[in-house]
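Trainee: Could you walk me through this one? I'd like to start with the strands and how they are matched up.

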Amino acid sequence: MRILVTGATGYIGKRIIPLLLDQGHTVVCAVRGKLRTEKAYSDEENLHVVEADFLKPDTLQNIPKDIDAAYYLIHSMSNSVDKFHKLEEECALNFKNYIETTNVKQVIYLSGITNDTKLSKHLLSRKNVEDTLKSNVYALTVFKAGIIVGSGSASFEIIRDLVEKLPVMIAPKWLNTKTQPIGIRDVLAFLTKGLGKEELYNTSHDIFGPEIMTYKQMLLQFADIRKLKRHIITVPVMTPKLSSYWLYFVTSTSYKLASSLVNSMGIEIIGEKSNINQFLDIKPITYKEAVKVAFAKIEGNEIVSSWKDAFISSRNKKRVSTKYLKVPKFGCFKDIKERQVKDENRTLEKIWAIGGENGWYYGTTLWKIRGYLDKLVGGIGLRRGRTNQTDIKTGDALDFWRVLLADKEQKRLILFAEMKLPGEAWLEFQVAKGKVYQRATFRPRGLWGRLYWYSVLPFHGFIFNGMINKLANA
């Protein structure tokens with residue numbers, strides 16, 4: 001089949017594409033910017049990338065008409081709480097209007113379980129998108145999942161942060177809310193096995209794991225797997241706002257995502273039983289098994305996708321696009337350094353491994369302080385780390401940076417700052433002709449921007465000199 005995948009650079013999209021290709025399908029990836037797609041995809045004969053923004057209907061003409069099925073995996077929790085449901089509805093409507101002009105017979109939509117009578121704005125939006133996608137022209141198949149457990153998923157990383165950082169937790173009462181977690185491998189099995197099944201046309205099914213658990217039980221079972229002794233005390237006095245700040249400061253989540261999650265976590269997410277497991281021959285694994293599988297992927301450095309790499313993890317309201325690739329030359333402050341290198345390949349490997357658990361090679365304490373300061377003023381700090389410890393791709397999150405370009409052939413890496421700044425900042429590394437070049441560029445915004453640059457100049461001199469020396473002597 002010829003299949004359209006929307007949300008192709010997202011957590012689910014990145015994982016389903018290889019599965020569809022392995023099954024012999026031809027995949028058309030709809031992305032806002034081609035730069036964010038995997039470089040390896042360019043070698044795939046049966047994969048085609050088209051640029052399409054579902055908030056801009058005129059760009060949808062890039063999507064071919066001769067497609068048989070489509071996955072709707074677009075999700076938008078990164079926008080303001082008051083606006084994201086409107087944007088989600090607009091995306092869904094634009095998608096539907098265009099897809100109805102193609103040959104598509106089936107659209108598969110991954111939603112959230114919405115059986116509770118009282119739903120959060122986030123879950124209401126998911127339900128509204130489902131209603132918007134219904135059509136008389138194509139068949140809609142909906143799979144509704146609760147908490148998804150897998151390496152790199154938002155829920156997994158938040159639970160991991162809480163368990164590994166806090167021996168004793170004074171936690172909100174919503175930790176006693178019941179839910180039915182499901183492993184990512186089972187979610188992908190439902191999505192792929194449901195493809196082309198006419199019996200599932202115009203149907204909706206809840207998909208969930210075999211256990212009904214509270215969030216508290218999930219935390220304690222996670223701790224048990226990690227062989228950590230943890231104590232959790234729930235208190236009724238935490239308001240949703242306090243709970244959001246609690247998640248924000250302890251975990252790697254952004255405040256907006258924390259707020260959306262808190263509003264959803266007060267609601268029971270229990271699925272309605274159906275014959276979908278038997279029909280598709282899927283036996284979902286337990287929560288503990290899903291966590292063990294996730295850690296096997298982490299330990300093998302095989303994380304395919306992470307929520308941190310999506311813009312949902314960013315505080316930057318501007319979509320990082322090709323215009324930021326052209327690092328400005330005028331009206332900017334710059335710190336440019338170059339060094340002779342001992343071994344170009346080793347230096348390049350060190351650049352590709354920079355940040356996250358590997359650190360920034362010099363002045364580690366100062367980097368950490370900068371991260372804490374950013375977090376205190378509502379920024380993202382260093383908490384996102386990096387998805388893969390030795391490889392990096394365009395579009396990845398890297399501590400408080402976003403990867404604009406990661407091109408090993410050009411031996412060039414460009415990072416764009418997503419920390420809170422009175423201006424815009426770029427950090428660029430390049431290896432060429434036996435030298436390593438390191439360029440820091442800052443475009444100030446007003447007087448505060450200029451004062452900021454001069455205030456950090458002494459620290460930059462110390463950190464940037466040490467960093468390039470480490471890279472040159474790799």
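Mentor: Before we talk about partners, a word on the term: two strands count as paired if DSSP finds at least two bridges between them. Keep in mind, too, that this is a predicted model.

Trainee: Okay, so in β19, what is the bridge partner of glutamine 430?

Mentor: The partner of glutamine 430 in β19 is tyrosine 437. That pair belongs to a set of 10 bridges that join strand β18, residues 423-432, to β19, with the two strands running antiparallel.

Trainee: And how many residues lie between β18 and β19?

Mentor: There are 2 residues between them, so to speak the turn of a hairpin, and lysine 433 in that turn has a positive phi of about 50 degrees.

Trainee: Which other strand is joined to β19?

Mentor: Strand β14, residues 333-340, is joined to β19 by 8 bridges and also runs antiparallel to it; within that pairing, isoleucine 336 has arginine 439 as its bridge partner in β19. As for cover, 7 of the 10 residues of β19 (435-444) are buried, which leaves the strand mostly covered.

Trainee: Switching topic: what order do the strands of the open sheet come in?

Mentor: The order is β3-β2-β1-β4-β5-β6-β11, 7 strands in all, and the pairing is parallel. Because β3 (47-51) and β11 (203-207) stand at the edges with a single partner strand each, one side of each is left without a neighbour in the sheet. On average, neighbouring strands of this sheet are turned by 20 degrees against each other, direction ignored.

Trainee: What packs on that sheet?

Mentor: Helix α3 does, touching β4, β5, β6 (139-145) and β11, and its direction makes about 165 degrees with that of β5.

Trainee: Back at the β3 edge, how many bridges join β2 to β3?

Mentor: Strand β2, residues 26-31, is joined to β3 by 5 bridges, and one of the partnerships is between valine 31 and glutamate 51 in β3. Glu51 is also touched by threonine 59, as are Ala52 and Asp53.

Trainee: Where is threonine 59 found?

Mentor: Threonine 59 is in the loop between β3 and β4, and its side chain reaches the backbone oxygen of lysine 56 at 2.7 Å.

Trainee: Last one: what covers the buried residues of α2?

Mentor: The cover includes β1 (2-6), β4 (69-72), β5 (106-112) and α3 (121-133). The buried residues of α2 include Phe84, Cys91, Phe95 and Ile99. The helix itself, residues 84-99, reaches 22 Å from its first C-alpha to its last, close to the 22 Å expected.

Definitions and conventions
Residues are numbered from 1 along each chain as its sequence is written. This is a predicted model: local features need pLDDT of at least 70, side-chain atom pairs count only at pLDDT 80 or more; totals for chains, interfaces and linings use all residues. Side-chain values use heavy atoms; hydrogens and water are left out. Helices (H or I, at least four residues) and strands (E, at least two) are DSSP runs, numbered from the N terminus. The expected span of a helix is 1.5 Å times one less than its number of residues. Buried means under 20% relative accessible area, exposed over 50%, partly exposed in between (1.4 Å probe, protein chains only). Contact means heavy atoms within 4.5 Å. Axes are lines fitted to C-alpha atoms, for helices over the stretch in contact, and angles run from 0 to 180 degrees between N-to-C directions. A polar contact is a pair of N or O atoms within 3.5 Å; within protein, one must be able to donate a hydrogen and the other to accept it, and residues adjacent in sequence count only if both atoms are side-chain atoms. Lists of a residue's contacts leave out its neighbours within four places in sequence.
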